Structures are given as C-alpha cells and as structure tokens.
Amino acid sequence: MIHLKLDYAKVKSFVTDHEINAFQQDLVKAHQDLINKSGKGNDFLGWVNLPSEIDDELLNSIENDAQAIRGMAELYVVIGIGGSYLGARAVIEALNHNFAALKKDNKYPLVIYAGQNISEDYMHDLLEILEQKDYALCVISKSGTTTEPAVAFRILKNHLEKKYGKLNAEKRIIAITDKSRGALKKLADDEGYKTYVVPDDVGGRYSVLTPVGLLPIAVAGFDIRKLAEGAKNMQLHLAQSTTLPDNVALQYAAVRNALYNKGKTIEIMVNYMPNLYYITEWWKQLYGESEGKENKGIFPAGVGFTTDLHSMGQYIQEGIRNIFETTLSIEKPHHYIEVPSDKENLDGLNFIAGKRISEVNKMAELGTSIAHVDGGVPNIKISLPEINEFNLGELIYFYEFACGISAYLINVNPFDQPGVEAYKNNMFALLGKPGFEKETEEIKKRL
Ligand code: PA5
C-alpha cells in the first residue's frame, strides 16, 4: 500500500480514457527500459534501485556526522546548485517550521545555502552572518567543476580558515562529490576533508536519496531512514505493475502526455502550503532538465495558492489555454487553528467562524480546481495524507520514476542536460577563460 494518491477525474473533459490508454504499450516499454536499464541514458539509472539498496553503514555514518555537526555549528552552509542543492532544500523546508530562522529554541543547526547563485550581495550578506555564528560547510558538486559552487567554496573556505584556523576548519568541511574525478575530489583529498560519494550512475537531479540530500536533511534534524523507507515503499509499488490502473507513475506520465498532445504545453505545479515551495522548485528542475530537449517537452511552472491566486490566478483562469495544473494536495495539517467569531462581524466572515483554517484552505483548493476546469485548465491531483519524511520519500520516488517514464514517452534522454552548456560557454568566453580565445573574439563582436 502506498500513501500517495493520484486523481485525474478533472482531466476527463479534456482527454478521453481512450487517449490516455493509448499510451499503454509505450508505457510497458518505458517501464521495462527503466527497470532493466535498457533505455536512453541507461548509465544514469542507479537511482531506480537506490531506496532498496541504501545501506545501513552509509546511514549510520551520515547520522554520526550530522550529530557531530550539531555539536559545533548553529548554521550549516550547504554549497551546491541544481540537483546538488534543490532536493535537500525541498525536503528540509517542507518539514521545517515555517519560521525556523526566527526561532530561538532550535535544537538543530539552521541549514542555509550558498553557491546556488553568483550574487555578490548575497555573498556579502552571508559572510556578515557567518561572522556572528558558529558554522560548518558542506560542499556538493558531482562534477567538481561547476562555477557557482566553486566560487562560493573558495570564499567560504577562506572565511572558515580565518575564523577557526586551518586545522579546525578542515574538520568543519564535508565534500560530496565523484568517487575519483574532478577538482573538488582532488582538493578534498589534498586538504583531508571527509568526503561522501555521489554514485557514478546517479545524476544530480535524481540524487536526493544519496548523501547529497541525506546529509543536509539529517543535519537539519529529520529522519533520513523514514525518508528512505517511504521511497522504498514507492519503489516496490511502481516496480510491480506495468498496467495503467495499477501504477500511479504510469498514470501521471500518460495523463500529462495526453494533455501535451492536445496542446497543453505548460504544467503548473500548485501547492496550498508555503513550505512546499521548494518541492515545486525541485520538481521544476527534475522535469525541466529531463524533458526539455530536442524542441520537445512540457514546460514546468509553479505557483503557491492561495497567494498566487491574487497574481497568477487571472492568467490561469482566462489567459492562453495551453496550460494544465497538477495540485500537490496535503490532506491533514499538523496544527489546529479555528477562525474566530467577531461580535461586529464587519468583514462578514462569521459564517466561517469555528471552522479550521485548513477547511477554508481546502474549500479554496476545491473551488479553484472547479473554476480552472470551467476556464479550460485540466486538473490532476496528487495527494498525501500529511507532510512527513515517509510520505516525502514516496513523493520523491514517484516524481522521479514518472519523470523517467514521461521523458521516454517523448523519446528523449531524461538523464542528460546538454542545453545547460550554452550559457556556460558564453560566460566563460566573456570572462576570458583560457582555451576560449576564439569564442571570446566571436562573442565580443555580438555585444
Ligand atoms: O541535475 C543535474 O545533473 C544538474 O542540475 C546538476 O546537479 C547541477 O548542474 C550541478 O552539478 P554538479 O553537482 O556537477 O556541480
């Protein structure tokens, strides 16, 4: 039994069962290609069996390191970008107190991030905070050569060494990178940092269940064993069946592609809880980098309701009709607050007095999905009973598996990202990187 549920009743006025079921044969092939590692990009399918293969020794080691870090740091700075950043942040922010940064009684270090941008002001402000707090660093880069985290690590390593002395600084740094290649691996070996490995056959955006995600999540105080258990539960479920009615990942992949074939080229992931913001960001990266290639792929977008109903709601209701929505719906909040009654009732809201805020939120969700369907926006609903480690583990694996299937349905390699190189090459040419002389000359003519 899985906890996650998928409901696509609200797409039925846009695509027929026949159009969805038409994918059945391709789904069987895509499923086999993932499980048997026989499809495009099959060097990067290590994530498929990851949940059932995570070994206890690795989890023990991560938990021990997390405990040591807790003893020495109020802040844990995680340096990384893309798949080396978003998964950890998605899980931590989903599970954390909404105002964790302002809480005085935090038992665990606050995880903060660097190397996910090249903003000088961001770095300045971060350094200012790090002057005042005890901290430790986790630098994550599979390739070990990505510019953004490498720049951030240069600066933060210097700061850490100045603050604690070189020897003590070394004990405050953990590097997560390739097992043998790359500049970060070499640096970590030279300096004697503790390292964890990103497995060769797991790409960045599929790496949450490796130390890339697990170490920061454990430092933040969350149960990585439960997360892995949830993912394993979903893995076993999805491996079992290749028939549409029995496999939620196949259903999600088929429905979104049936909609895509009908001109719905944008998928908006919707949540009704702000702490799911980074789950959407992680999902956007997973689907955008996996599918958007060869002039194909659904464009993944995200909104947080009801907040964005007051900004993007107008467009979604009445703009160009090329979008569909997928709502990540959480059945039960962790806390209980009622709308109070008011003697004056000036705002006219006494009709909801005594109702839980979550009930109001639920009615907003239901009312919105019906309005959007009426406005020409099909709705898929993914629901979880509540936010906890186990359910997030299920959700992560579900999204990953469905993404692999969906990319195979449009016949692209889900595990590469050749398009990411274009901006890097121009940036290097503009910055005068040795070896880029010709490109520098060319690009300067275009300025
Ligand atoms: O999903 C991916 O592979 C990418 O988003 C990478 O994670 C990202 O580019 C960072 O790469 P690296 O870990 O090599 O620094």
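How far does a polar side-chain atom of Q285 lie from an oxygen atom of the ligand? The distance is 2.6 Å, and I will come back to that site.

First, the ground rules. This is a predicted model, in which local features need pLDDT of at least 70 and side-chain atom pairs count only at pLDDT 80 or more, while totals for chains, interfaces and linings use all residues. Residues are numbered from 1 along each chain as its sequence is written, and side-chain values use heavy atoms, with hydrogens and water left out.

Now the domains. The chain is assigned a domain 1, covering 5-41 + 227-418, and a domain 2, covering 50-225; such bounds come from an automatic or database domain assignment. Taken over C-alpha atoms, their centres are 29 Å apart.

Next, the interface. Contact here means heavy atoms within 4.5 Å, and on that basis 31 residues of domain 1 touch 26 residues of domain 2. The buried area, meaning the accessible area (1.4 Å probe) that two parts lose on being put together, summed over both, is about 2400 Å², with 63% of it on carbon and sulfur atoms. On the domain 1 side, L227, N275 and Y278 lose the most area to domain 2, together 27% of what that side buries.

Polar contacts are pairs of N or O atoms within 3.5 Å; within protein, one atom must be able to donate a hydrogen and the other to accept it, and residues adjacent in sequence count only if both atoms are side-chain atoms. Between the two domains there are 17 residue pairs in polar contact, both at pLDDT 80 or more. As for where the domain 1 side comes from, α11 (224-240), α13 (277-291) and α16 (389-409) each supply at least two residues. Helices are DSSP runs (H or I, at least four residues), numbered from the N terminus. The largest share, 8 residues, comes from α13.

A salt bridge is a side-chain nitrogen of Lys or Arg within 4 Å of a carboxyl oxygen of Asp or Glu. The structure holds 30 salt bridges, and the count between domain 1 and domain 2 is 1. Elsewhere, E289 pairs with R205 at 3.0 Å, N to O. R89 and E93 also form one, with closest N and O atoms 3.0 Å apart; both lie in helix α5 (residues 86-95), 4 residues apart, about one turn of the helix. I should correct my "elsewhere" for the first of those pairs: by the domain bounds, E289 falls in domain 1 and R205 in domain 2.

Back to the ligand. It is surrounded by 13 residues, each with a heavy atom within 4 Å of it; the closest are S84, S141, S143, T146 and Q285. Besides Q285, a polar side-chain atom of S143 lies 2.7 Å from a ligand oxygen atom, and one of T146 lies 2.5 Å from a ligand oxygen atom.
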